[in-house]
Structures are given as structure tokens and as C-alpha cells.
Amino acid sequence: MKTAVFPGSFDPLTNGHVDIVHRSLTIFDRVVVGVLANSSKQPLFTVEERIELIEAQFQPLGERVVVRSFSGLLVDFVATVGTTLVVRGLRAISDYDYEAQMALMNKNLDDRVETFFLMAREENSYVSSSLVKQVAPLGGDVSKLVPPVVRIALQSRFKELRERQEK
Ligand code: ADP
């Protein structure tokens, strides 16, 4: 059974991420979505909330999609999962530099680890979690950017934040 780890921040999960998971499952038997917990960024959703949203989205796929949090080195997490395969999405040329650095670094850290890249679909090539976080609080329509479960979570999170500010 071939298992691939799909690591990221997923703050929040977007249609771009969803597409990468679905396409990965045409190549691998199982995808372990690894939610990075030691990110320096101030997240909109906690790791637990992000995991819940990802699990809700992929629940129909059963055991083929597993969601875990991790901190520390990706190569260590990959070893814990019991695989050597990593999958990442590539959007514009701007993703390339960073992704190449990461993949080469991970190869240096553990030569067995192979990173596979799937090209973002054209309609998702401008979709990013940070764009979603800019548009959603301003009342912009994010229904083409994120799955419904995330859209609803965004609405309630920004409502909470607005109410907190008004107090
Ligand atoms: P990170 O902070 O590790 O970049 P992200 O959650 O932003 O975490 O992204 C996780 C992975 O998903 C990365 O490989 C990223 O390139 C990929 N990705 C992000 N957005 C898209 C998208 N719209 N289409 C395809 N892949 C994407």
C-alpha cells in the first residue's frame, strides 16, 4: 500500500488543497494530510480546528484520507507515518523556488524521501489560504476558493472576531 504525506499549514483548507488530495489518490492508496503545528504565523484556525475541517471535507473518502498534526522536521513525521513519499502542490512559478529548496533540504536530511509535485489546476492557480483570509473578512465571496464546510467556518470565525472588536 502506497501512502503519501501531504504537508502544509491548511489555514484554512482551500479548493486547491482539496484538488491535490483527490488527484494524489489516483496515484497513491492513502494520503496522510499533515497539519504543521509549529508555524510561526499567527493562525486564523487552531490546529485542532483545521484538522476538524479537513476531516469533515474528506469524511466520504473513509480511511484513504487521514489527518494528523505534526511539528518539527517533515522527514521525521514522514518516517513516523511509515512512508517515504511526500506530495506538494505547485502553483505559479513563484512557488517553485521555495518548493525546490524544501524538497532538496528534505532529500539532504533523508535521502529516501521523495517529493512529488502536482501542478495546480488553472482555476486554483491563484487560490491561497492567505488570499482567502484577506477576502473573507471583507465580505467577499469565497465560495469558489474553499469548500462549503470551510466557508461556513470562516463566516462564524469572522463574526466572532467582529463581535469581539465591538465589545
Ligand atoms: P505551506 O505553509 O506549507 O505552504 P499551505 O497550506 O499554504 O502550506 O500549502 C500546502 C501545500 O498545498 C503546498 O504544497 C502548496 O503549494 C499547495 N497548495 C496551496 N494552494 C494550492 C492551490 N491553490 N492549488 C494547488 N496546490 C496548492
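In the loop between β1 and α1, the side chain of aspartate 11 reaches the backbone nitrogen of leucine 44 at 2.8 Å. The same side chain reaches the backbone nitrogen of phenylalanine 45 at 2.9 Å. Both are polar contacts, that is, pairs of N or O atoms within 3.5 Å; within protein, one atom must be able to donate a hydrogen and the other to accept it, and residues adjacent in sequence count only if both atoms are side-chain atoms. Aspartate 11 counts as buried because its relative accessibility is 6% (buried means under 20% relative accessible area, exposed over 50%, partly exposed in between, with a 1.4 Å probe and protein chains only).

The model is predicted: local features need pLDDT of at least 70, side-chain atom pairs count only at pLDDT 80 or more, and totals for chains, interfaces and linings use all residues. Residues are numbered from 1 along each chain as its sequence is written, and side-chain values use heavy atoms, with hydrogens and water left out.

Glycine 8 belongs to strand β1 (helices, H or I of at least four residues, and strands, E of at least two, are DSSP runs numbered from the N terminus). With 14% relative accessibility, glycine 8 is also buried. Its C-alpha atom is separated by 5.8 Å from that of leucine 36, although the two residues are 28 residues apart along the chain.

At the start of α1, a side-chain oxygen of threonine 14 comes to within 3.2 Å of the backbone nitrogen of glycine 16. Helix α1 is largely enclosed by the rest of the structure, because seven of its ten residues are buried. These are Gly16, His17, Val18, Asp19, Ile20, Val21 and Ser24.

The ligand is surrounded by 17 residues (each with a heavy atom within 4 Å of the ligand). The closest are Ser9, Phe10, Gly89, Asn124 and Val127. The shell comprises six nonpolar, six polar and five charged residues. Three of the closest residues are joined to the ligand through backbone atoms: an oxygen atom of the ligand is 2.9 Å from a polar backbone atom of phenylalanine 10, a backbone N or O atom of glycine 89 lies 2.5 Å from a ligand oxygen, and a ligand nitrogen is 2.9 Å from a polar backbone atom of valine 127. The elements that give two or more residues to this shell are β1 (3–8), α1 (15–24), β4 (85–90) and α4 (93–109).

Methods. Ala, Val, Leu, Ile, Met, Phe, Trp, Tyr, Cys and Pro count as nonpolar, Asp, Glu, Lys and Arg as charged, and the others, Gly among them, as polar.
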